[in-house]
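Trainee: Could you take me through one part of this model up close? I'd like to hear about the pockets.

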Amino acid sequence: MLDHIGVFLDDRPSSFELWLESKLDGLATGIARDVGDWARLLHDGGPRSRARHAATVWNYLNRIRPVLLQWSARYDHLREVTRDDVLTHLETVQGSQRQTTIIALRSLFGRAKKNGTIFKNPTSRIRVGQREEGVIQPLEPEHINGSIATVTRPTDRLILALAAVHAARPAAIRRPPARRPRHRQSEPVRRRPHPPTG
């Protein structure tokens, strides 16, 4: 009713703010201030940046919180963190965790530099690197034979052959390459006879 007549003021803190407050707990004051500003900008967006999905903010902050706690034990501000500190931490993570960590740290330090709270970005010129995927090996014949016995439809057998024998990835099986149209044999070009000149 109060909302309908325009006098209701919902002053409850948002669930994001409550979550963020719990994540900033334990960080040095200067570090917590920069991290809070960065996380709010990611979540809400700004004049020159679009808002990110809440899961992205959650993933970034959860990924870098352990290193922020370590740095908070030694430093009061992000401007004290060095490139060596970042590289030392990156040696402890691998694969997609390493990628997410460096992307999140780059974003955090980039924002702090834009705000003027740090002078030099310690994550600059640190490569993210390509995600390494394991080598897919074809199945052994005894494994294939057991699978063939259970598959009855021809399309399922084709999928099995592509996956088991040719080690095709699921995306390649779902979207096979487009078929090239057959070219008809070209017919001889019929030319109109030209009228005699003369």
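Mentor: Here is a walk through the pockets, starting with the largest. First, the ground rules: this is a predicted model, where local features need pLDDT of at least 70, side-chain atom pairs count only at pLDDT 80 or more, and totals for chains, interfaces and linings use all residues. Residues are numbered from 1 along each chain as its sequence is written, and side-chain values use heavy atoms, with hydrogens and water left out.

A pocket here comes from a 1 Å grid over the protein atoms alone: an open set of points where a 1.4 Å probe fits, with protein on both sides within 12 Å along at least five of seven lines, and lining residues have an atom within 4 Å of a point. The largest pocket holds about 320 Å³ of space, a volume being the space filled by probe spheres set on the points. It has 14 lining residues, and Leu41, Arg48, Ser49, Arg111 and Lys114 sit closest to its centre. Two or more lining residues come from each of α3 and α6 (helices are DSSP runs of H or I, at least four residues, numbered from the N terminus). The largest share, four residues, is from α6. By type, the lining splits into five nonpolar, four polar and five charged residues, with Asp, Glu, Lys and Arg counted as charged.

Now the second largest pocket, at about 150 Å³. Its lining includes Arg79, Arg83, Lys120 and Arg125, along with Val81, Phe119 and Pro122. In total, that lining divides into three nonpolar, three polar and four charged residues.
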